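Visitor: I have a model open and would like to learn how to read it. Could you take me through some features, one at a time?

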Amino acid sequence: MDNLTFLHENATQPDFTLTAVTVFKICVIIPFFCIFMYSIILMLYTFYSQRQLWQSGRYVLFAHMLVSDTIHFLSSIVLFLLFKANVQIPFVYCQLLIFISSVSYMVTPINLATMSLERYIAICNPLRHAEICRVERGWIVILMFWIVSCVPFIAHISLEGPLADKDIYSGTLCRKQSANSSPSQKLANVVSSGLCFAVVATIVLYTYVRILLETRKVRADKASARKALKTVLLHGIQLGLCMLSFTYPVTEDIIQRQDIWFKDHIGFLNYFSFMLMPRFLSPLIYGVRDETFKKHMKRNLPCYSSKITPE
């Protein structure tokens with residue numbers, strides 16, 4: 001009788017543990033999501049409320065990075081929750097979610113490379129900076145970002161085979177990794193992502209070295225040159241954070257192959273550390289570090305704006 005009671009207690013324990021862990025995950029995700037969205041909305045509001053900011057090509061690129069990171073953040077969360085809840089959705093909607101997530105994922109590093117080039121032009125070719133980095137050209141460049149970022153996904157779909165043979169409205173368990181089913185698709189995904197990050201890393205490193213050499217040559221306005229140097233270095237850190245999300249599919253595949261009962265919990269920690277945190281920290285670090293942007297952003301904080309007395 002005692003043994004039966006012991007077995008009954010052990011049988012009910014996993015349900016309690018599962019419930020407690022699920023509640024814990026929700027308590028982590030929801031506040032984190034709210035903080036992220038509040039920070040993004042605050043920074044975007046700061047950008048659009050200040051004429052000085054939205055008439056600068058540099059801050060236009062930063063605002064675009066906020067939007068692309070938010071799109072990737074939201075689409076990744078939706079894919080993660082659908083997969084963990086074992087919810088099947090029509091194939092066409094699954095491909096649409098993966099398309100949005102994949103394209104917005106590729107846009108951010110390209111945006112970082114362009115922001116580094118903008119700082120390089122400002123320091124190494126200041127007389128032509130206003131002409132080259134006009135806001136009108138910035139919007140055209142942003143459009144090109146999204147067009148270029150669509151190319152890897154289009155190549156991925158072409159390697160998948162004709163869609164006419166598939167029922168696009170049939171239910172499927174949507175997961176970004178499962179879309180790379182064939183070896184050619186996996187190879188194309190690795191090559192496109194690796195090539196993108198290699199080119200961006202080369203551009204960031206090149207601009208950093210050129211600005212570093214420029215700071216040693218010029219005697220006037222060294223403060224601006226050093227500030228630009230720190231900004232490009234910050235773009236390198238942001239690129240490193242983006243590359244953390246590139247390692248997520250590899251670590252997730254390793255975790256799923258392990259035959260342990262808590263692998264789903266490790267998978268959640270892996271997702272939180274390598275997918276959510278980099279997208280949260282990257283724009284926040286830049287927005288807080290930039291003195292001009294931070295000054296305007298602080299004025300929009302409720303706790304700070306109430307202390308400002310009108311002149």
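Visitor: In which helix does leucine 97 lie?

Guide: This is a predicted model. Leucine 97 is part of helix α4.

Visitor: Is leucine 97 buried or exposed?

Guide: Look at relative accessibility. The cut-off for buried is under 20%. Leucine 97 has 19%, so it counts as buried.

Visitor: Which residues does leucine 97 touch, not counting residues up to four places away in sequence?

Guide: Its partners on that count are Ser75, Val78, Leu79, Leu82 and Ile89. For a pair further along the chain, take cysteine 174. It is 77 residues away from leucine 97 in sequence, yet their C-alpha atoms are separated by 8.7 Å.

Visitor: How do I describe two packed helices?

Guide: Two packed helices are described by the angle between their axes and by the distance between those axes. Here, take α4, residues 91–124, and α8, residues 183–217. Their packing angle is about 15°, and the axes lie 9 Å apart. Angles under 35 degrees count as roughly parallel, so α4 is roughly parallel to α8.

Visitor: What is the handedness of the crossing of α4 and α8?

Guide: That crossing is left-handed.

Visitor: Which residues in α4 and α8 meet?

Guide: From α4, they include Tyr105, Met106, Pro109, Ile110 and Ile123. From α8, Cys196, Phe197, Val200 and Ile203 are among them.

Visitor: How many residues of the contact of α4 with α8 are nonpolar, polar and charged?

Guide: The split is 16 nonpolar, 4 polar and 3 charged.

Visitor: Back to isoleucine 123. Is it buried or exposed?

Guide: Isoleucine 123 sits in helix α4. Its relative accessible area is 15%, so it is buried. Alanine 228 is 105 residues away from isoleucine 123 along the chain, with 7.4 Å between the two C-alpha atoms.

Visitor: Where does serine 149 lie?

Guide: Serine 149 belongs to helix α6, residues 135–160. At 2% relative accessibility, it counts as buried. Leaving out residues up to four places away in sequence, serine 149 touches Val103, Met106, Val107 and Ile110. Met106 and Ile110 also appear among the α4 residues that meet α8.

Visitor: One last helix. Which residues of α12 are buried?

Guide: Helix α12 covers residues 291–299, and its buried residues are Phe293, His296 and Met297. Next, check their directions around the axis. They cover an arc of only 100°, so they are on the same side of α12.

Key: Residues numbered from 1 in each chain as written. Predicted model: local features only at pLDDT ≥ 70, side-chain atom pairs only at ≥ 80, totals over all residues. Heavy atoms only, no water. Axes fitted to C-alpha atoms, helices over the stretch in contact; angles between N-to-C directions. Helix = DSSP H or I, 4+ residues; strand = E, 2+ residues; numbered from the N terminus. Parallel < 35°, antiparallel > 145°, perpendicular 65-115°, else oblique. Left-handed = near helix turned anticlockwise from the far one by under 90°. Contact = heavy atoms within 4.5 Å. Nonpolar A, V, L, I, M, F, W, Y, C, P; charged D, E, K, R; others polar. Buried < 20%, exposed > 50% of the residue type's maximum accessible area, 1.4 Å probe, protein only. Arc of directions from axis to C-beta.
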